[in-house]
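Here is a friendly walk through one structure, with the sequence and the model side by side. Keep both in view as you read.

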Amino acid sequence: MEKIASFTIDHIRLQPGVYVSRKDHIADSVITTFDLRMASPNEEPVMNTAEMHTIEHLAATYLRNHPQYQDKTVYFGPMGCRTGFYLLLAGDYESKDIVELMVSMFEFIRDFKGEVPGASPKDCGNYLDMNLGMANYLAKKYLDEVLYHIEESRLVYPQ
């Protein structure tokens, strides 16, 4: 079997950032998959499922209500390795095109207080596995360490 594209990225050199993971062509449409890497693979501790689950709920709510991106959002969800998230948008994008969106989304997550949308037994299959405090903390960390002063090297996968 061929190695899939995401396993060909040098995870030793990969640092937190916003990367285009792939572009898929479906009929006459393009779906851009972004790698929103929040932790340095194999260097930093991975995120726990509770805070990732909370970020997922908040980010999906934010994106699905965003006036410009609500109809372009295909999917937002966690990476199995727990070092970041995937965002799939309908359209042909580059990493720099969504930095402003990511800043506003992670500011929303950083500042969110109250009941997490969808965190109820009726709405979610694991509603108790949430950690809003850590989600706020991790969003702030990603903003401060990556998004607010993002460098070109954090927008393109390392070679």
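C81 comes out as partly exposed because its relative accessibility is 41%. C124, by contrast, counts as buried, since its relative accessibility is 13% and buried means under 20%. How many disulfides does the count come to? The count comes to zero disulfides. Please keep in mind that this is a predicted model.

**The nonpolar core**

The largest nonpolar core is made of 39 residues, and L36 and F106 are those with the most contacts inside it. At least two residues of this core come from each of β1 (17–26), β2 (29–37), α1 (49–65), β4 (84–90), α2 (99–111) and α3 (132–145). Which of these elements gives the most to the core? That is α2, with seven residues.

L36 is a good place to start exploring. Leaving aside residues up to four places away in sequence, L36 touches G17, V18, F76, M79, T83, G84, F85, L87, I98, M102 and Y142.

**Aromatic pairs**

Seven aromatic pairs turn up in a search of the whole structure. One of them joins F34 and Y93: the ring centres are 6.5 Å apart, the planes stand at 50°, and the pair is tilted. F34 belongs to strand β2 while Y93 sits in the loop between β4 and α2, so this pair ties together parts that are 59 residues apart in sequence. Both F34 and Y93 are buried.

Y62 and F108 make another pair, with ring centres 5.2 Å apart; the planes meet at 35°, so the pair is tilted. This pair also links distant parts of the chain, with Y62 in helix α1 and F108 in helix α2, 46 residues apart. What about the burial of each partner, Y62 and F108? Y62 is buried, because its relative accessible area is 17%, whereas F108 is partly exposed, with 27%.

F34 and Y93 appear again in a wider group, as they form one aromatic cluster together with Y69. Y69 has a charged partner too: the charged end of K72 sits over the ring of Y69, 5.7 Å from the ring centre.

**Salt bridges**

Side chains of opposite charge can pair when their charged atoms come close. In this model there are nine salt bridges. Among them are the three in the table, listed with the distance between the closest N and O atoms for the R22 and R110 bridges and the N to O distance for the K140 bridge.

| Basic residue | Acidic residue | N to O distance |
|---|---|---|
| R22 | D24 | 2.5 Å |
| R110 | D111 | 2.7 Å |
| K140 | D144 | 2.5 Å |

How exposed are the partners in these bridges? R22 is partly exposed at 42% relative accessibility, and D24 is partly exposed at 23%. In the second bridge, R110 has a relative accessible area of 24% and counts as partly exposed, while D111 is partly exposed at 47%. In the third, K140 is partly exposed with a relative accessible area of 41%, and D144 is partly exposed at 31%.

The K140 and D144 bridge lies within one helix. Both residues belong to α3, four residues apart, which is about one turn of the helix.

There is a network to look for as well: salt bridges link K23, D92 and E94.

**Two residues with positive phi**

Finally, take a look at two places in the backbone. N42 is not a glycine, yet its phi is positive, near 65°. N42 is found in the loop between β2 and α1. Is N42 buried or exposed? N42 counts as exposed because its relative accessibility is 72%, and the cut-off for exposed is over 50%.

R82 is the other one: although it is not a glycine, R82 has a positive phi of about 65°. R82 is placed in the loop between β3 (73–78) and β4. With a relative accessible area of 30%, R82 is partly exposed.

Note on methods
Residues numbered from 1 in each chain as written. Predicted model: local features only at pLDDT ≥ 70, side-chain atom pairs only at ≥ 80, totals over all residues. Heavy atoms only, no water. Core = buried A, V, L, I, M, F, W, Y, C linked by side-chain atoms within 4.5 Å. Buried < 20%, exposed > 50% of the residue type's maximum accessible area, 1.4 Å probe, protein only. Contact = heavy atoms within 4.5 Å. Disulfide = S-S within 2.5 Å. Salt bridge = Lys/Arg side-chain N within 4 Å of Asp/Glu carboxyl O. Phe/Tyr/Trp six-rings, centres within 6.5 Å; stacked < 30°, edge-to-face > 60°. Lys NZ or Arg CZ within 6 Å of the ring centre and 35° of its normal.
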